[in-house]
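Open the model in a viewer and keep the sequence panel beside it. The stops below say what to select next and what is there.

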Amino acid sequence: MWPVYRRYHLIIVGERGDERGLALTKASTDTLAQFLPESRALLVRAADTRRIGVLIATDQQDLAVISTEGAKALFLGETPFEDITGGPIRAIVSFGTHQMVCRPDLRARHAYVIAKTLSEHQDRLAATVAASHGVVPTHPGARAFFAGENIPDE
């Protein structure tokens, strides 16, 4: 049933033990639910950074808020992600200490709208929303938003 449920709900994973990251995940989820109601955004808590990486890498979840260091480790296959190869994430937005990441196959249109909504309502997040400039590549849809381009068709 999860694949069907995920088709109709934007599930964002946050780390249970990361207080700042979980607060950003909750604020992002609440903001998307209010200003992008068709997303039906929901927060899901994962036990730790490793679990978030496994959920994204194995296509069980689409989006997560993870520490910038955790995102870098996941992308490069470093500890605790040595067994996950291919850098299975792209950045949608940066919150400074954390990033919202997604699977590379997330539709460009969706990444664009998420980045736009969070950027327009960043006062609700207690963090600055910006384009990611780290090791993790920016998702093409988010890159289009931050470059001032039109929303992608796909």
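How many of the residues of strand E1 (residues 11-15) are buried? Five of the five are, so the strand is mostly covered, where buried means under 20% relative accessible area, exposed over 50% and partly exposed in between (1.4 Å probe, protein chains only).

Before going further, some ground rules. This is a predicted model, in which local features need pLDDT of at least 70 and side-chain atom pairs count only at pLDDT 80 or more, while totals for chains, interfaces and linings use all residues. Residues are numbered from 1 along each chain as its sequence is written, and side-chain values use heavy atoms, with hydrogens and water left out.

**The whole chain**

Show the protein chain as a cartoon. The protein chain has six helices and five strands; helices (H or I, at least four residues) and strands (E, at least two) are DSSP runs, numbered from the N terminus. Along the sequence their order is α-β-α-β-α-β-α-β-β-α-α.

Taken along the principal axes, the C-alpha atoms fill a box of roughly 35 × 30 × 30 Å. The radius of gyration of the protein chain is 14 Å, which agrees with the value near 15 Å for a compact globule of 154 residues. That radius is taken over C-alpha atoms, and the globule rule is 2.2 Å times the number of residues to the power 0.38.

Of the 154 residues, 50% are buried. Now switch on the surface: the protein chain exposes about 7600 Å², and carbon and sulfur atoms supply 52% of it. These areas come from the Shrake-Rupley method with a 1.4 Å probe; for residues, only the protein chains shown count as cover.

Contact means heavy atoms within 4.5 Å. Among the contacts in the protein chain with a separation of 6 or more, 70% are between residues 24 or more positions apart.

**Strands E1 and E2**

Select residues 11-15 again and show the side chains. In a regular strand the side chains alternate between the two faces of the sheet. On one side of E1 are Ile 11, Val 13 and Glu 15, on the other Ile 12 and Gly 14, and all of these are buried.

Add strand E2 (residues 42-46), which runs parallel to E1 and is joined to it by five bridges. Two strands pair if DSSP finds at least two bridges between them. Gly 14 has Arg 45 in E2 as its bridge partner.

**The hairpin of E4 and E5**

Go to strand E4 (residues 90-94). Four of its five residues are buried, so E4 is largely enclosed by the rest of the structure. Strand E5 (residues 98-102) runs antiparallel to E4, with four bridges joining the two. Val 93 stands opposite Met 100 in E5. The two strands form a hairpin with three residues between them, and Gly 96 in the turn has a positive phi of about 90 degrees.

**Residues in helices H2 and H3**

Select Thr 31, in helix H2 (residues 19-35). Is Thr 31 buried or exposed? Thr 31 counts as buried because its relative accessibility is 0%. Beyond its neighbours within four places in sequence, its contacts are Leu 36, Thr 117, Leu 118, His 121, Arg 124 and Leu 125.

Next is Thr 49, in helix H3 (residues 49-57). Thr 49 is buried, with a relative accessible area of 18%. Not counting residues up to four places away in sequence, Thr 49 touches Glu 15, Ile 66, Gly 70 and Phe 81.

Leu 55 is also found in helix H3 and is buried at a relative accessible area of 10%. Apart from neighbours within four places in sequence, Leu 55 is in contact with Val 13, Ala 46, Gln 60 and Gln 61. To check a distance, pick the C-alpha atoms of Leu 55 and Thr 68: they are separated by 17 Å, with the two positions 13 residues apart along the chain.

**Backbone exceptions**

Most residues other than glycine have a negative phi, and most peptide bonds are trans. Which residues does a cis peptide bond join? Thr 79 and Pro 80, with omega about 5 degrees. Pro 80 is in the loop between helix H4 (68-76) and E4.

Arg 40 is not a glycine, yet has a positive phi of about 50 degrees. Arg 40 lies in the loop between H2 and E2 and is partly exposed, at 43% relative accessible area.

The last stop is Asp 59, in the loop between H3 and strand E3 (63-67). Asp 59 has a positive phi of about 60 degrees although it is not a glycine, and its relative accessible area of 42% makes it partly exposed.
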